[in-house]
Amino acid sequence: MKFVFQSIQDFSADELSLLDSLITFRTVKKGELLLTENQVCNEIVFIEKGILRSFFVNHKGDEITNCFAFENEFMASFASFITKEKAEENIQALTDTKLQILDRKALEKLYQSSSSWQETGRKLTELEFVNLHKRMVSFQKLSGAQRYEELCQNHQKYIQLIPLQYLASYLGITPRHLSRIRKAVI
């Protein structure tokens with residue numbers, strides 16, 4: 001986590017030491033839920049190793065995958081974290097996953113300690129917004145096949161680890177259609 005923050009902002013040794021003192025660690029087993037719908041999200045996790053997915057359950061009871069997070073990425077129910085309201089999504093480990101965690105109190109302590117941490121929080125929030133915007137635009141402008149190609153380009157080594165039904169749901173297509181796309185790509 002520290003290297004991600006340092007890539008955004010120059011921090012003093014004291015600022016990084018404070019971060020180290022506030023991070024906690026957790027291992028989540030494959031299939032385990034890190035957050036369930038209707039819980040308030042009180043932590044932001046950084047993935048040291050593994051894959052997480054965020055998903056909703058629609059009115060039919062189908063799971064709709066909202067996003068994946070991979071090694072060296074952050075994951076949370078950001079809307080719930082920011083508003084302190086109940087989450088609308090679930091977060092699940094797709095593999096055994098090692099996490100570094102900043103809970104709400106730790107993050108507030110960082111923000112209160114220096115303007116550097118406040119600026120870093122703002123920049124990361126802006127990046128999250130841009131990623132959300134890109135995902136929304138991809139559904140408006142790209143086909144399912146094009147979204148699959150983008151995912152392969154950005155996260156090729158993980159594609160084989162994500163079950164087909166989750167990939168299809170994330171791409172907004174049926175598993176059958178995804179199978180056809182994958183055969184055409186090979």
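Which exposed residues does the face of α8 turned away from its buried side carry? They are Arg176, Lys183 and Ala184, where exposed means over 50% relative accessible area and buried means under 20% (1.4 Å probe, protein chains only), with partly exposed in between.

A quick note before going on: this is a predicted model, where local features need pLDDT of at least 70, side-chain atom pairs count only at pLDDT 80 or more, and totals for chains, interfaces and linings use all residues. Residues are numbered from 1 along each chain as its sequence is written, and side-chain values use heavy atoms, leaving out hydrogens and water.

Now flip α8 over. Its buried residues are Leu178, Ile181 and Arg182. Looking down the axis of α8, you'd find them within an arc of 100 degrees (taken from the directions from the helix axis to the C-beta atoms), so they line one face of the helix. Their cover includes α6 (144-159) and α7.

So how do α7 and α8 meet? They pack at an angle of about 95 degrees, with axes 9 Å apart, and are therefore roughly perpendicular (65 to 115 degrees) to each other. Here's who makes the contact (heavy atoms within 4.5 Å):

| Helix | Contact residues |
|---|---|
| α7 (residues 164-171) | Leu164, Gln165, Leu167, Ala168, Leu171 |
| α8 (residues 175-185) | Pro175, Leu178, Ser179, Arg182 |

By class, that contact has 6 nonpolar, 2 polar and 1 charged residues.

Note on methods
Axes are lines fitted to C-alpha atoms, for helices over the stretch in contact, and angles run from 0 to 180 degrees between N-to-C directions. Helices (H or I, at least four residues) and strands (E, at least two) are DSSP runs, numbered from the N terminus. Angles under 35 degrees count as roughly parallel, over 145 as roughly antiparallel, 65 to 115 as roughly perpendicular and the rest as oblique. Ala, Val, Leu, Ile, Met, Phe, Trp, Tyr, Cys and Pro count as nonpolar, Asp, Glu, Lys and Arg as charged, and the others, Gly among them, as polar.
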